[in-house]
There are 2 protein chains.
Amino acid sequence: MTLHVEILSTGDELLTGQVVDTNSAWLMDRLWDLGVMVRRKTLVGDDRADLDAAIRETTARADLVVMSGGMGPTEDDLTSERVAAVMGVPLELHEPSLRALEERFRRFGRALTPNNEKQARFPRGAEVVPNRFGSAPGFAVRIGRAEVVCFPGVPLEFRGLADEWLLPRLAARLGEVPAGRVLKLFGVPESHADDAMRPLMRDPANADVRFGFRAHWPEVHVKWTVPGPDAAARADRLAAQARAIFGDAVFGEGKEELPALVVARLAARGERVALAESCTGGLVAELLTDVPGASAVLDLGVVAYADAMKEAVLGVPRDVLAAHGAVSEPVARALAEGARRVGRATWGIGITGIAGPTGGTPEKPVGTVHLALAGPSGTSAVERLYRGGRDRIRRTAAHEALNLLRLALRA
Amino acid sequence: MTLHVEILSTGDELLTGQVVDTNSAWLMDRLWDLGVMVRRKTLVGDDRADLDAAIRETTARADLVVMSGGMGPTEDDLTSERVAAVMGVPLELHEPSLRALEERFRRFGRALTPNNEKQARFPRGAEVVPNRFGSAPGFAVRIGRAEVVCFPGVPLEFRGLADEWLLPRLAARLGEVPAGRVLKLFGVPESHADDAMRPLMRDPANADVRFGFRAHWPEVHVKWTVPGPDAAARADRLAAQARAIFGDAVFGEGKEELPALVVARLAARGERVALAESCTGGLVAELLTDVPGASAVLDLGVVAYADAMKEAVLGVPRDVLAAHGAVSEPVARALAEGARRVGRATWGIGITGIAGPTGGTPEKPVGTVHLALAGPSGTSAVERLYRGGRDRIRRTAAHEALNLLRLALRA
């Protein structure tokens with residue numbers, strides 16, 4: 001059965017460019033994992049006539065309409081009112097929701113206003129969805145043959161209610177949920193990943209599998225969902241096949257993230273890393289320290305833009321800088337070794353390059369980056385030429401550095 | 001005259017969550033600057049029936065429909081075909097576009113395929129919009145009373161064509177374009193900015209002005225557009241009034257960005273800054289070095305997580321660390337002064353705090369951050385307690401540090 005699902009978002013702030021509706025793409029991605037592609041998404045403002053028309057149109061077409069927004073306490077918040085109007089039923093006070101609101105306000109030391117009471121009123125006959133993520137409960141009604149589910153637009157609340165209530169219900173309704181896997185790659189362009197996956201995608205045995213690619217630059221994610229009774233085992237088998245295709249380029253699966261993975265591996269080994277960054281300007285440090293618990297594995301990061309600092313703080317020899325220039329393999333090596341020594345760490349990372357937009361030469365064009373990793377058994381170095389603007393070059397280099405460390409920690 | 005504008009985006013990749021449609025919010029923001037609020041946005045997949053229905057519905061309601069996507073060379077790209085079908089006219093080859101495509105392919109050393117030729121076919125009677133940003137030209141047609149403008153979905157191309165062709169035409173059609181201003185604030189919550197602007201927003205003299213707020217966290221942007229013949233002068237007067245209201249909290253206007261502003265001011269004064277970051281973990285360095293030309297003003301940034309590194313690299317006295325703890329004003333001061341001394345810089349920034357999620361105590365809860373700025377005339381320090389998760393705390397602290405430097409450089 002193909003389920004016709006539409007999304008209807010509301011809010012003037014979404015039509016002025018003030019807020020980007022990220023809930024929709026998030027939900028679409030989750031629904032894709034259930035084997036459902038959303039058919040249409042509609043966005044209207046806080047306007048009674050526009051809302052009524054959109055509710056009528058979407059419910060005339062769809063099996064399921066997910067509404068987002070318009071559930072707040074202010075006059076602009078019209079979702080319950082308009083859904084009730086289209087249904088031709090009154091709004092009714094839902095006592096348990098009112099008590100939950102009162103309790104919530106008491107906890108924050110505030111009094112409930114008549115405006116807030118509005119958030120406990122729903123179309124007669126609605127199923128109320130309690131919201132432990134915020135103040136406005138969601139609700140579900142039936143209009144014609146369509147089920148209409150209304151959630152607050154606040155991302156934390158929308159996603160919480162969708163994860164907790166909508167998606168499990170939908171999975172149950174769909175009977176069986178396809179098994180989904182995500183393989184995360186670094187260093188493989190999306191078009192190449194697509195090409196490499198062709199044999200699997202064209203295999204008649206996989207005719208019922210949905211494959212997809214997501215460019216989470218500089219990473220590429222390969223996804224697939226498998227339906228049927230044997231789904232999980234088949235999805236796992238595909239993961240093994242895809243891992244064989246991509247080899248070392250696979251850094252993780254599912255929710256695994258490269259920086260968190262590196263931090264976890266270092267922590268498990270009781271090892272630490274120190275950083276000497278030039279063109280990445282602190283980005284590697286930032287990626288690592290964004291991970292809770294990073295302090296256990298990172299004692300020192302140095303951003304040494306100036307040659308004098310490379311020399312004074314990290315001990316890069318002046319003659320090496322003079323002989324090879326700051327953007328060179330010997331300097332990258334000296335940076336990595338200096339970071340390791342000064343930071344008294346197991347591993348040292350050195351990065352030097354030209355992020356642009358200026359500073360390139362014919363021999364060392366913008367995008368030239370030397371990376372080095374110093375460790376217990378010596379120092380290795382790689383040279384890369386990245387394409388794109390300053391930000392892309394910096395981000396790719398930073399991920400590359402973490403990836404080099406990941407590969408070294410694999411052993 | 002109120003212009004009824006709708007946006008119609010197409011592409012399966014937008015309905016699977018693979019790609020987030022950022023063009024729409026971008027265009028909505030630009031249209032808002034022209035005094036136009038988009039009435040509805042619709043998103044459908046690469047499906048003939050869904051596209052036809054959406055084209056019919058939007059053109060029955062709107063004065064202007066902006067379509068995005070479906071202009072590529074593949075079978076999935078249906079925009080020209082479906083617009084022609086709804087109009088009841090054939091597709092016709094547009095010779096100048098074909099020659100431009102051939103020229104483009106010649107330049108890249110590739111041969112034009114029949115697929116690519118498709119990108120030079122448009123509904124009979126269409127006005128073709130040359131695209132110097134990519135291969136697919138845009139086009140405009142009339143369906144009923146609606147003007148329909150179709151652009152490729154690639155953001156660079158969509159935005160380029162909108163900026164170059166659509167928005168100026170629309171501005172001309174609207175007669176006069178309102179004058180818009182954006183004031184950028186740091187350290188003011190959105191709700192407070194709203195309250196503070198109330199007197200201006202309620203002033204009957206500003207009844208025709210549209211005000212708006214954008215939370216670009218941790219910044220808040222206050223926007224307004226003024227219509228009428230005297231628009232620019234009135235918009236400037238409002239800017240002066242808003243600056244008087246917010247004082248030092250205003251760090252810039254229009255396209256000005258805090259890191260770029262700090263880099264520019266340092267460069268103009270021939271001064272440099274050095275950084276000693278703990279809880280922000282390289283974020284201040286990353287924000288500064290993201291600005292092209294940052295190397296002229298930043299020689300050294302140190303991420304000193306471990307106390308031993310604060311002592312060894314930055315010379316923070318061991319007894320100060322022992323007496324006050326790493327998260328304290330004396331250590332922030334010593335970090336700032338150490339960075340300034342070791343980095344041989346005019347200014348030194350020191351940041352130490354608890355970004356969480358663990359590490360908080362009743363005396364020093366998660367979110368406690370000490371920031372210090374060392375300069376030619378001494379060292380100043382502030383203590384902050386930020387709310388939110390690890391990422392929010394780190395980002396706010398990093399912006400706060402740049403803001404302290406901005407205020408010091410103002411003199």
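These are my notes on the A–B interface and on strand 1 of chain A.

**Setup.** I'm working with a predicted model, where local features need pLDDT of at least 70 and side-chain atom pairs count only at pLDDT 80 or more, while totals for chains, interfaces and linings use all residues. Residues are numbered from 1 along each chain as its sequence is written, and chains are lettered from A and ligands numbered from 1 in the order in which they are written.

**Interface.** I looked up contacts (C-beta atoms, placed from the backbone, within 7 Å) and got 51 residues of chain A against 50 residues of chain B. I took helices (H or I, at least four residues) and strands (E, at least two) as DSSP runs, numbered from the N terminus. Elements giving two or more residues to chain A's side include helix 2 (22-33), strand 10 (210-216) and helix 15 (390-410). Strand 14 of chain A gives the largest share, seven residues.

**Across the chains.** I checked strand pairing (at least two DSSP bridges). Strand 2 of chain A and strand 2 (residues 40-44) of chain B run antiparallel, joined by five bridges. There, Thr42(A) sits opposite Thr42(B).

**Strand 1 of chain A.** I wanted to know how covered residues 5-10 are, and six of the six are buried (20 or more other C-beta atoms within 10 Å of a residue's own, C-beta atoms being placed from the backbone). Val5(A), Ile7(A) and Ser9(A) point one way, and Glu6(A), Leu8(A) and Thr10(A) the other. Strand 1 runs parallel to strand 3 (residues 64-68) of chain A, with five bridges, and Leu8(A) partners Met67(A) there. Five bridges also tie strand 1 to strand 2 of chain A, again parallel; Ser9(A) pairs with Leu43(A).

Key
Contact = placed C-beta atoms within 7 Å. Buried ≥ 20, exposed ≤ 12 C-beta atoms within 10 Å, placed from the backbone.
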